[in-house]
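Colleague: I should like a close look at a single part of this model, with its charged side chains and their surroundings in view. Please set the part in the context of the whole chain.

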Amino acid sequence: MDGRVLPVLTGPTGHPPKWYEIPVPDADGGPPTVHTYRRAPASYSKRLGLQRGWKYEYMSAGRERRRLKWPWSKPGGPSRG
């Protein structure tokens, strides 16, 4: 990133987004490189162990994809027919 400070949008719960993806244009005109950052707890208080804010960690592997776990799509479930 180039050192600029961007405003962080919060959701209805007041939390920042879990993932930030920042596209960086390629100098040769190719597809942009996407830098991915994941939200993580900044620290915890000593006495009660409460969370104190957020920080973003760079994820070089990119965004981890999670599949929804629907009860009717489990492998090895009852067979149809």
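Modeller: A residue is called buried under 20% relative accessible area, exposed over 50%, and partly exposed in between. Arg38, at 27% relative accessibility, therefore counts as partly exposed. The model is a predicted one, and what follows describes its computed geometry.

Arg38 is the place to begin. Its side chain and that of Glu57 form a salt bridge, with an N to O distance of 3.1 Å. This pair links distant parts of the chain, since Arg38 belongs to strand E2 and Glu57 to strand E3, 19 residues apart. Glu57 likewise has a relative accessibility of 27%, so Glu57 is partly exposed. The count of salt bridges comes to 1.

Next to be considered is Arg39, which also lies in strand E2, the run of residues 33-41. Arg39 is buried, yet it has no salt bridge. The nearest side chain of opposite charge is that of Glu57, 10 Å away, whereas a salt bridge requires a nitrogen-to-oxygen distance within 4 Å. The side chain of Arg39 does, however, reach the backbone oxygen of Pro16, at 2.5 Å. Pro16 also appears among the contacts of Arg39 beyond its neighbours within four places in sequence; these contacts are His15, Pro16, Pro17, Lys18, Trp54, Lys55 and Tyr56.

The loop between E2 and E3 holds Ser45. At 17% relative accessibility, Ser45 falls under the 20% limit and so counts as buried. Apart from neighbours within four places in sequence, Ser45 is in contact with Leu50 and Arg52.

Beyond strand E3 (54-59), the following segment contains Leu68. Leu68 is exposed, because its relative accessibility is 63%. Together with Trp70 and Trp72, Leu68 makes a nonpolar surface patch of about 430 Å².

As for the whole chain, the protein has 3 strands and 0 helices, and its elements run β-β-β from the N terminus. Of its 81 residues, 10% count as buried. The exposed area is about 7800 Å², of which carbon and sulfur atoms supply 55%. Among contacts between residues at least 6 apart in sequence, 19% join residues at least 24 apart.

Conventions. Residues are numbered from 1 along each chain as its sequence is written. This is a predicted model: local features need pLDDT of at least 70, side-chain atom pairs count only at pLDDT 80 or more; totals for chains, interfaces and linings use all residues. Side-chain values use heavy atoms; hydrogens and water are left out. Helices (H or I, at least four residues) and strands (E, at least two) are DSSP runs, numbered from the N terminus. Buried means under 20% relative accessible area, exposed over 50%, partly exposed in between (1.4 Å probe, protein chains only). Lys and Arg count as positive and Asp and Glu as negative; His and the chain ends are not counted. A polar contact is a pair of N or O atoms within 3.5 Å; within protein, one must be able to donate a hydrogen and the other to accept it, and residues adjacent in sequence count only if both atoms are side-chain atoms. Contact means heavy atoms within 4.5 Å. Accessible areas come from the Shrake-Rupley method with a 1.4 Å probe; for residues, only the protein chains shown count as cover. Patches are made of residues with over 30% relative accessible area and no salt bridge: like charges are joined within 9 Å, nonpolar side chains (Val, Leu, Ile, Met, Phe, Trp, Tyr) within 5 Å.
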